[in-house]
Amino acid sequence: MIDLHTHSKVSDGTDSPSMLINKAMAAGITTLALTDHDTISGWEEARTALRPGMDLVLGAEISCQTEDGVSVHMLGLLFDPHFMPLIEVLDQTRDNRIGRMEKIIARMQGAGIEIEMADVLAQLSDGATLGRPHLADALIAKGVVKDREEAFSNLLHNNSAHYVSHFSPTPEAVIKLIKQAGGVAVIAHPYATLRGKIVRPTSFQSFVQAGLDGIEVSHRDQSVEERELLMAIVNEYDLIFTGSSDYHGEGKLNQLAEFTTNPAQWKKLEARADQRRVIRT
Ligand code: AMP
Ligand code: ZN
Ligand code: FE
Ligand code: FE
């Protein structure tokens, strides 16, 4: 079983990278990608925790925004972590997430919700990428909501009055950086309409021109109809298609390997990296 999209505590998952590795092995996963939001800081621990029997793919889920304001998540896999232009973009995004969180909190305070930055930071492990799930956890701790699900559906969703976006490069810029760093680029859950505005079908042409390798088709936030529409785009541009769990630990319902990637698709994708960077012990 191949699961190419998972999160750990170094962003908004709840398992440490080594716990994630252990759970993935116990679940029978044979190839696992670690793709924390805008950071590679979990790579070393994951590499150290790896044992024989599973291949590890190191990556990141990189936040992007189109020119017309649609939020896009780009999975970068197998890239060279020493390629500084890409690492600098991740650093800049993480920095910007702090000011953005302060703005969201100010809006919530304006609406009479008792929450402070310190409450949110208390939910974050050291150096982790700050995101709305940490704010959700702070609201749970304060008794405002019962779980992350309720926090997102009532207060934190993209169309909420409290929502503020953060600095993000365009998907095209990020795809080019991933490719320059020798990696492969797969757009994550592009048609997840329940999360908010989605990319226009016409945007894919420009992503492909920038070097997009694949589309995450099977994902719990995309309906059967949305997956069919994406498969038509995969076929139109001869792209690779993936399926993955987007596992976040306890914070979300997503279970490891609830969706997986076909081995033949993974083989094609892996072959597009400039070096064989899959880790195996
Ligand atoms: P941010 O990066 O701060 O914009 O927050 C986005 C994160 O929130 C992503 O990791 C999503 O997985 C997570 N998220 C989005 N919707 C929900 C939800 N309904 N319940 C829990 N987490 C969610
Ligand atoms: Zn997340
Ligand atoms: Fe995502
Ligand atoms: Fe994700």
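Are His73 and His189 buried or exposed? Both of these residues are buried, and both are donors to the iron ion (ligand 3). Keep in mind that this is a predicted model. The rest of the briefing goes through the sheet, the two metal ions, ligand 1 and one residue in helix H1.

**The sheet as a whole**

- Seven strands make an open sheet, running in the order S1-S2-S3-S4-S5-S6-S7, and the pairing is mixed.
- S1 and S7 (240-243) sit at the edges with a single partner strand each, so one side of each has no neighbour in the sheet.

**From S3 to S5: the antiparallel pairings**

- S3 (residues 55-65) pairs with S4 in the antiparallel sense, and seven bridges hold that pairing on paper.
- If you want a spot to look at, Cys64 has Val72 in S4 as its bridge partner.
- S4 (residues 71-77) then pairs with S5, again in the antiparallel sense, over five bridges.
- Here His73 is bridged to Ala188 in S5, and that same His73 gives its ND1 atom to the iron ion (ligand 3).

**S5: covered on both sides**

- How many residues of S5 (residues 184-188) are buried? Five of its five are, and the strand counts as mostly covered.
- Val184, Val186 and Ala188 point one way from S5, while Ala185 and Ile187 point the other way, and all of them are buried.

**From S5 to S7: parallel pairings and crossovers**

- S5 and S6 (residues 214-218) pair in the parallel sense over two bridges.
- Ile187 has Ile215 as its bridge partner in S6.
- To get from S5 to S6, the chain goes through helix H8 (residues 203-210), in a right-handed β-α-β crossover.
- S6 is mostly covered too, with four of its five residues buried.
- Next along, S6 and S7 pair in the parallel sense over four bridges, and Ser218 is the bridge partner of Gly243 in S7.
- The connection from S6 to S7 runs through helix H9 (residues 224-237), and this β-α-β crossover is right-handed.

**The iron ion (ligand 3)**

- Which residues coordinate the iron ion (ligand 3)? They are Glu61 (OE), His73 (ND1) and His189 (NE2), at 2.0 to 2.2 Å.
- Along the sequence these donor residues follow the spacing E-x11-H-x115-H.
- His73 is in strand S4 and His189 in the loop between S5 and H8, so the pair links parts of the chain that are 116 residues apart.

**The zinc ion (ligand 2)**

- The zinc ion (ligand 2) is coordinated by Asp12, listed twice through OD, along with His37 (NE2) and His248 (NE2), at 2.0 to 2.5 Å.
- Its donors are spaced D-x24-H-x210-H along the chain.
- Asp12 comes from the loop between S1 (2-3) and helix H1 (17-26), and His37 from S2 (residues 31-37), so this pair ties together parts 25 residues apart in sequence.
- Why does Asp12 count as buried? Its relative accessibility is 7%, and the cut-off for buried is under 20%.
- His37 counts as buried as well, because its relative accessibility is 9%.
- The zinc ion (ligand 2) and the iron ion (ligand 3) are 5.8 Å apart.

**Ligand 1**

- The residues around ligand 1 are Asp12, His37, Arg97, Arg100, Gly131, Arg132, Pro133, Arg148, Glu149, Phe152, His248 and Lys252.
- Among them, Asp12, His37 and His248 are also donors to the zinc ion (ligand 2).
- Arg97 has a side-chain N or O atom 3.0 Å from an oxygen atom of ligand 1.
- For His248, the distance from a side-chain N or O atom to an oxygen atom of ligand 1 is 3.2 Å.
- Lys252 places a polar side-chain atom 2.6 Å from an oxygen atom of ligand 1.
- On its own, ligand 1 exposes 500 Å², and the protein buries 89% of that.

**Ile21 in helix H1**

- Ile21 belongs to helix H1, and it is buried, with a relative accessible area of 1%.
- Between the C-alpha atoms of Ile21 and His189 there are 23 Å, and the two residues are 168 apart along the chain.

Conventions: Residues are numbered from 1 along each chain as its sequence is written. Chains are lettered from A and ligands numbered from 1 in the order in which they are written. This is a predicted model: local features need pLDDT of at least 70, side-chain atom pairs count only at pLDDT 80 or more; totals for chains, interfaces and linings use all residues. Side-chain values use heavy atoms; hydrogens and water are left out. Buried means under 20% relative accessible area, exposed over 50%, partly exposed in between (1.4 Å probe, protein chains only). Two strands pair if DSSP finds at least two bridges between them. A crossover is right-handed if, with the strands pointing away from the viewer, the path from the first strand over the helix to the second runs clockwise. Donors are N, O and S atoms within 2.8 Å of the metal (3.2 Å for Na, K and Ca); water is not among the atoms, so sites may look incomplete. A residue is near a molecule or strand if one of its heavy atoms lies within 4 Å of it. A polar contact is a pair of N or O atoms within 3.5 Å; within protein, one must be able to donate a hydrogen and the other to accept it, and residues adjacent in sequence count only if both atoms are side-chain atoms. Accessible areas come from the Shrake-Rupley method with a 1.4 Å probe; for residues, only the protein chains shown count as cover.
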